[in-house]
Amino acid sequence: MIKPFFSPGLWVLTFLMASFGGFAQTVEMVKWPRVAQILRQSSDTTYILNFWATWCKPCVAELPHFEQIGQEFANKKVKIVLISTDFAKEINSRVVPFVQKQKLKNTVWLLNEPDANAWIDKISPKWSGAIPATLIFNNKRRKKSFFEQTLDSPRLRQELTDFL
Amino acid sequence: MKNKFWTALTIVLALGTAVTLIFRQKNAEASPAGYAIGAVVADFSLKNVDGNAVSLANYKDKKGVIVVFTCNHCPFAKAYEDRIMALDKKYSSLGMPVVAINANDASEYEEDSFDNMKKRARDKGYSFPYLHDETQAVAKAFGAMRTPHVFMLRNDGGKFTVQYIGTIDDNYQDASGVTKRYVEDAANNILAGKPVVVNQTKAIGCAISWKEA
């Protein structure tokens, strides 16, 4: 923690991650500005932000549907980001192994911003904070839909037709 | 005559069921309803882990009640458990004790069953009631959506009014990293006879697992 830069273990880890980065799915730890940045995107891309956690049963149950949609729309301007709200200290012990076991292909972030009151309304004022929750938006088309509920692939497909 | 009566009754029941189902379906997708700030809370009676029923009427000589919807299984609830115990320890003697309520459907999370609630309360030595909202009617009346979800009530001459809705503090991951203590600030406001300054906050939490309609 003190001098991670000089830790030989970290160098080895970095080397390994760089070598296998193309194959193994990793989880990026992000702070709020990273999310805010895509909320501001003005390109004609439809973003699907799904808030989940490894221990949340309904969240885990709907992940395969987001994977399915990710593959179906791979050639369209659709970008799915699965934003984990797991505890930051569990990223390597819990989140990364989960993501690899589930072979998730969508981008996975762990949002390490414990003062959720500061950003929940920026996702949607309608959101109570319960997960799962999903935001679909396309800024160029000025369209935005928010769901504080589980979604399945037929529903996601149907919602996306409004955006594409 | 008798036949007509039964036909009419069947139709009324069928319509009632249909309306209820449609309403629930809509409700599941609507933004959370429930008590707003200032609302008077309807009294309820729920079974405590000690087997006795607890209702707000039991608190009529208190200045208020800190109602916390929580549960056993949720990592956020677990992360806040010690802090909830500390709140009761600090504010119970000042006239504002904690009442914890678990409304989760135990068929979804076995860890949230009444037996496991009893065990948890005993193992941790809860100094406050831990009530089972088996029908989920109380959680729905409050508009509780997640765990933990706090509703702070002020006793206005026997009527309990909602003064704060939200989260306990601003750091679920690390109690030592907390900078804003929302519930403590609200409790201090209420005990001082002042309006609560920050009376609504949000937090990430486990969605309360609702029973199938």
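Let me start at one residue pair: Trp52(A) stands opposite Ser84(A), which lies in strand E3 of chain A. Before I go further, please keep in mind that what we are looking at is a predicted model.

That pair belongs to a longer ladder, since 7 bridges join E2(A) to E3(A), and these two strands run parallel. Strands of a sheet pair through backbone hydrogen bonds, either parallel or antiparallel. What is the setting of E2(A) within the rest of the structure, enclosed or open? Of its 7 residues, 7 are buried, so E2(A) is largely enclosed by the rest of the structure. In a regular strand the side chains alternate between the two faces of the sheet. Here Thr46(A), Ile48(A), Asn50(A) and Trp52(A) point one way from E2(A), while Tyr47(A), Leu49(A) and Phe51(A) point the other way, and all of them are buried.

Let me step back to chain A as a whole, whose secondary structure comes to 6 helices and 7 strands. Read from the N terminus on, the elements of chain A run α-β-α-β-α-β-α-β-α-β-β-β-α. Of the 164 residues of chain A, 32% count as buried, and among contacts in chain A with a separation of 6 or more, residues 24 or more positions apart account for 72%.

One helix of chain A deserves some time, and that is H3(A), residues 57-72. Its 16 residues, at 1.5 Å a residue, should span 22 Å, and the end C-alpha atoms of H3(A) are 24 Å apart, which agrees. H3(A) nevertheless has a kink of about 30° at Leu63(A), shortly before the proline Pro64(A). An α-helix has 3.6 residues a turn, so residues three or four places apart point the same way. The buried residues in H3(A) are Cys59(A), Glu62(A), Leu63(A), Phe66(A) and Ile69(A). What covers them includes strands E2, E3 and E5 of chain A, together with helix H6 (153-161) of chain A, so we meet E2(A) again here as part of the cover over H3(A).

Now to the place where the chains meet. The contact takes 19 residues from chain A and 21 residues from chain B. On the chain A side, helix H3 (57-72), helix H5 (120-123) and strand E5 (130-131) each supply at least two residues. By class, that side of chain A has 10 nonpolar, 5 polar and 4 charged residues. Strand pairing also crosses between the chains: E5(A) and strand E9 of chain B, residues 205-207, pair in the parallel sense over 2 bridges, with Gly205(B) in E9(B) as the bridge partner of Ala130(A).

Moving on to chain B, its secondary structure comes to 5 helices and 9 strands, and of its 213 residues, 38% count as buried. An open sheet of 7 strands in chain B has the order E2-E1-E5-E4-E3-E7-E8, with mixed pairing. Which strands are at its edges? They are E2(B), residues 53-55, and E8(B), residues 159-166, each of which pairs on one side only. Neighbouring strands of this sheet are turned by 35° against each other on average, direction ignored.

At the E2(B) edge, 3 bridges join E1(B), residues 45-48, to E2(B), and the two run antiparallel; one of the partnerships is that of Lys47(B) with Ala53(B). Towards the other edge we find E7(B), residues 149-156, which is largely enclosed by the rest of the structure, because 6 of its 8 residues are buried. E7(B) is joined to E3(B) by 6 bridges, antiparallel, and to E8(B) by 7 bridges, again antiparallel. Phe151(B) lets us follow both pairings, being the bridge partner of Val67(B) and standing opposite Ile165(B) in E8(B). E7(B) and E8(B) form a hairpin with 2 residues between them, and Gly157(B) in the turn has a positive phi of about 60°.

Finally, helix H2 of chain B, residues 75-91, lies across strands E3 and E4 of chain B and runs at about 150° to E4(B). Is Asp82(B), found in this helix, buried or exposed? Asp82(B) is exposed, because it has 11 other C-beta atoms within 10 Å, and a residue counts as exposed at 12 or fewer. Asp82(B) and Ala175(B) are 93 residues apart in sequence, yet 9.4 Å apart in space, C-alpha to C-alpha.

Conventions. Residues numbered from 1 in each chain as written. Chains lettered and ligands numbered in written order. Predicted model: local features only at pLDDT ≥ 70, side-chain atom pairs only at ≥ 80, totals over all residues. Pairing = 2+ DSSP bridges. Helix = DSSP H or I, 4+ residues; strand = E, 2+ residues; numbered from the N terminus. Axes fitted to C-alpha atoms, helices over the stretch in contact; angles between N-to-C directions. Contact = placed C-beta atoms within 7 Å. Nonpolar A, V, L, I, M, F, W, Y, C, P; charged D, E, K, R; others polar. Buried ≥ 20, exposed ≤ 12 C-beta atoms within 10 Å, placed from the backbone. Expected span 1.5 Å × (residues − 1). Bend = angle between axes of the 7 residues up to and from the residue.
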